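Reader: I am new to this structure. Please take a close look at a single part of it, and show how that part sits in the rest.

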Amino acid sequence: MKKFLVMCTACIALLFTSCGISRQATSNQNLAQTDVVLSKKNYKIIGTVTGESNQNYWFGIGGLSKASLGDAAVAEMYRNANLTGSQAIINTTVSYKNKMILIYTGSKCQAQGTIIEFTE
């Protein structure tokens with residue numbers, strides 16, 4: 001009986017656990033392909049901006065591709081930036097996080113960048 005209770009407790013604990021995976025995208029695959037040469041101090045840093053997108057999967061079905069998840073986060077980052085005049089976004093970083101609970105997987109992508117403004 002004692003072994004049975006231990007096994008039931010272990011099964012219940014297994015049902016209520018989840019796993020999480022996180023990774024950084026290190027390649028330069030942005031929506032905006034621009035060449036900005038920052039060799040002179042002709043700019044000032046305005047601040048940082050972020051964008052986020054989420055996708056949900058049930059039984060592995062749902063959501064779109066991982067590329068579209070990242071593209072949506074970067075697109076939201078550009079919308080949130082409200083760029084004007086001679087401003088640009090540099091140092092864009094995209095990170096992915098997955099949360100898995102038995103039949104459910106939630107994917108979250110966050111894009112972050114630095115806003116600069118050219119002074120000359």
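Author: The part chosen here is H2, in which Leu69, Gly70, Ala73, Val74, Met77 and Ala81 are buried, that is, under 20% relative accessible area, where over 50% would be exposed and anything in between partly exposed (1.4 Å probe, protein chains only). Seen down the axis of H2, these buried residues fall within an arc of 130°, so they line one face of the helix; the arc is taken from the directions that run from the helix axis to the C-beta atoms. An α-helix has 3.6 residues a turn, so residues three or four places apart point the same way.

The model is a predicted one, in which local features need pLDDT of at least 70 and side-chain atom pairs count only at pLDDT 80 or more, while totals for chains, interfaces and linings use all residues. Residues are numbered from 1 along each chain as its sequence is written, and side-chain values use heavy atoms, with hydrogens and water left out.

The length of H2 can be checked. Its 16 residues, at 1.5 Å a residue, should span 22 Å, and the end C-alpha atoms are 23 Å apart, which agrees; the expected span is 1.5 Å times one less than the number of residues. After H2 comes asparagine 82, with a positive phi near 50°.

As for the setting, the protein has 2 helices and 4 strands, which are DSSP runs numbered from the N terminus (helices H or I, at least four residues; strands E, at least two). Their order from the N terminus is α-β-β-α-β-β. Of the 120 residues, 24% count as buried.

What lies over the buried residues of H2? The cover includes S2, S3 and S4. The three strands can be taken in turn.

S2 (43-58) is separated from H2 (66-81) by a loop that holds phenylalanine 59. This residue counts as exposed because its relative accessibility is 64%. Phe59 belongs to a nonpolar surface patch with Trp58, Ile61, Ile101, Leu102 and Ile103, and the patch has about 690 Å² of accessible area together.

S3 (residues 87-101) contains asparagine 91, which is exposed, with a relative accessible area of 58%. Beyond its neighbours within four places in sequence, asparagine 91 is in contact with Gln112, Gly113 and Thr114, contact meaning heavy atoms within 4.5 Å. Isoleucine 115 is 24 residues away from asparagine 91 along the chain, yet their C-alpha atoms are separated by 8.9 Å.

S4 (residues 104-118) holds threonine 114, which counts as buried at 16% relative accessibility. Once neighbours within four places in sequence are set aside, the contacts of threonine 114 are Ile45, Gly47, Thr48, Ala88, Ile89, Ile90 and Asn91. Across the protein, residues 24 or more positions apart account for 74% of the contacts with a separation of 6 or more.

The structure also holds 1 salt bridge, a side-chain nitrogen of Lys or Arg within 4 Å of a carboxyl oxygen of Asp or Glu. Glutamate 52 and lysine 108 form it through their side chains (3.8 Å, N to O). Because glutamate 52 lies in strand S2 and lysine 108 in strand S4, the pair ties together parts that are 56 residues apart in sequence. Glutamate 52 counts as partly exposed at 31% relative accessibility, and lysine 108 is partly exposed with a relative accessible area of 36%.

Conventions:
Patch = residues over 30% accessible without salt bridge, like charges linked within 9 Å, V, L, I, M, F, W, Y side chains within 5 Å. Areas by Shrake-Rupley, 256 points an atom, 1.4 Å probe, with all protein chains shown as cover.
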